[in-house]
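Open the model in a viewer and keep the selection tool at hand. The stops below are meant to be followed in order.

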Amino acid sequence: MLIDSHSHVNFDVYRKDFKSVIDHCLVNNTWLINIGSDFKTSSKTIELTRDYGRGVYAVVGLHPIHVVDDVVESVIVDGQKTEVVTPKEEFDYNKYRDLAKSSDKVVGLGEVGLDYFYFNDNDSDSLSKKNLQKEVFKKFIKLSQELNLPLVMHCRGHKDDPYGAYDDMLEILSDTRHHHGVIHCFGGNLNQASKFVNLGFYVGFTGIITFKKKSEDVQEVVRAVPLDKILIETDSPFLTPEPHRGQRNEPYYVKFVAQKVAELKKITFDEVAIITTDNAKNLFSI
Ligand SMILES: [Zn+2]
């Protein structure tokens with residue numbers, strides 16, 4: 001079996017067919033953990049667990065991009081291009097604590113962290129937004145300690161400085177003794193990956209590792225990180241792995257990520273399946 005440790009079947013793009021997407025996954029012996037990105041999608045992840053005994057779990061949190069700005073995305077729903085606006089959200093500690101405690105299917109907090117992708121490093125507006133993201137991230141670390149739930153961390157740098165956000169995150173994490181979680185969709189460098197591992201975190205890899213272009217750096221990280229520290233994920237509906245690039249992603253495709261990890265590490269698919277499943281079960285206590 002496999003576990004897709006990070007998917008978003010709670011998002012609008014699956015509004016019509018989430019049931020068949022989840023069933024297809026379970027029938028093929030693949031479990032999934034749906035991740036929230038704001039209060040609304042976090043509540044939805046819990047809702048999605050209700051019809052299932054085992055195999056479908058929820059993680060609730062506030063994504064750093066929703067901490068600082070309204071986000072407008074154009075998504076395809078039922079073949080129609082639709083504009084979805086996610087309003088900026090002010091983080092409310094108690095609200096998220098209550099939500100996390102509302103169901104025993106909540107197995108973690110996320111996705112939370114830092115995202116500098118849309119910032120221009122030089123202006124004061126960006127600096128204050130970075131600080132706000134850092135503050136909220138620190139509060140989630142505290143909540144993770146309080147509830148003893150692992151963190152699902154998101155980190156993305158500006159295109160001209162892809163690694164700066166990772167340094168900032170590592171600095172915050174080094175200042176706390178609480179190291180329980182995964183850095184999802186890893187996009188830092190090799191040195192940063194080993195710092196996360198040495199602190200005790202898992203490292204998550206998506207379909208990016210299967211891409212034909214610009215994936216050499218992350219493939220090198222896959223080779224270097226010990227298998228017992230790796231989680232596999234799809235980040236559905238984004239980052240669809242080869243050979244399905246261009247289509248909507250789904251959790252079932254996590255097998256292509258597993259295949260690529262096996263190929264890069266020169267080990268068997270079964271070994272990747274067994275160990276990464278164990279890793280996810282350990283981290284999320286499932
Ligand atoms: Zn995600």
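The tour goes from the sheet to an annotated site, then to a helix pair and a loop.

This is a predicted model, in which local features need pLDDT of at least 70 and side-chain atom pairs count only at pLDDT 80 or more, while totals for chains, interfaces and linings use all residues. Residues are numbered from 1 along each chain as its sequence is written.

**Stop 1: the sheet**

Switch to a cartoon view and select the strands. Helices (H or I, at least four residues) and strands (E, at least two) are DSSP runs, numbered from the N terminus. Eight strands make an open sheet with parallel pairing, and their order is β1-β2-β3-β6-β7-β8-β9-β10. Two strands count as paired if DSSP finds at least two bridges between them. At the edges are β1 (2–7) and β10, each of which pairs on one side only. From one strand to the next the twist averages 30 degrees; angles run from 0 to 180 degrees between N-to-C directions, and axes are lines fitted to C-alpha atoms, for helices over the stretch in contact.

**Stop 2: strand β6 and its neighbours**

Select residues 106–115, which form strand β6. How many of its residues are buried? The count is 10 of the 10, so β6 is largely enclosed by the rest of the structure. Buried here requires 20 or more other C-beta atoms within 10 Å of the residue's own, exposed 12 or fewer, and partly exposed a number in between, with C-beta atoms placed from the backbone.

Add β3 (residues 56–60), which runs parallel to β6 and is joined to it by three bridges. V59 stands opposite G108 of β6. Then add β7, which pairs with β6 in the parallel sense over six bridges; here C155 of β7 is the bridge partner of L114. Further on, three bridges join β7 to β8, again in parallel, and L151 has G181 in β8 as its bridge partner.

**Stop 3: the annotated histidines**

Select H154 and H184, listed by UniProt under "binding site" in an unreviewed entry. They span 31 residues in sequence, yet no two of their C-alpha atoms are more than 5.7 Å apart, so they gather at one spot. UniProt positions are in the numbering used here, feature names are shortened, and annotations may be inferred rather than shown by experiment.

H154 belongs to strand β7 (residues 151–156) and is buried, with 27 other C-beta atoms within 10 Å. Beyond four places in sequence, H154 touches H63, P64, E111, V112, G113, D115 and H184; contact means C-beta atoms, placed from the backbone, within 7 Å.

H184 sits in the loop between β8 (181–183) and α7 (190–199). It too counts as buried, with 26 C-beta neighbours inside 10 Å. Apart from neighbours within four places in sequence, the contacts of H184 are H6, E111, V152, M153, H154, G204 and E233.

**Stop 4: helices α8 and α9**

Select residues 216–224 (α8) and 254–265 (α9), whose axes come within 9 Å and cross at roughly 75 degrees. The two helices are therefore roughly perpendicular, the class for 65 to 115 degrees; angles under 35 count as roughly parallel, over 145 as roughly antiparallel and the rest as oblique. Show side chains for Q219, V222 and R223 of α8 and for V261, L264 and K265 of α9, which make the contact.

**Stop 5: the loop after α8**

Finish at P226, in the loop between α8 and β10 (230–232). Is P226 buried or exposed? P226 is exposed, with 11 other C-beta atoms within 10 Å. For a last distance, pick K19: its C-alpha atom is separated from that of P226 by 35 Å, with the two positions 207 residues apart along the chain.

Key
Two residues are in contact if their C-beta atoms, placed from the backbone, lie within 7 Å.
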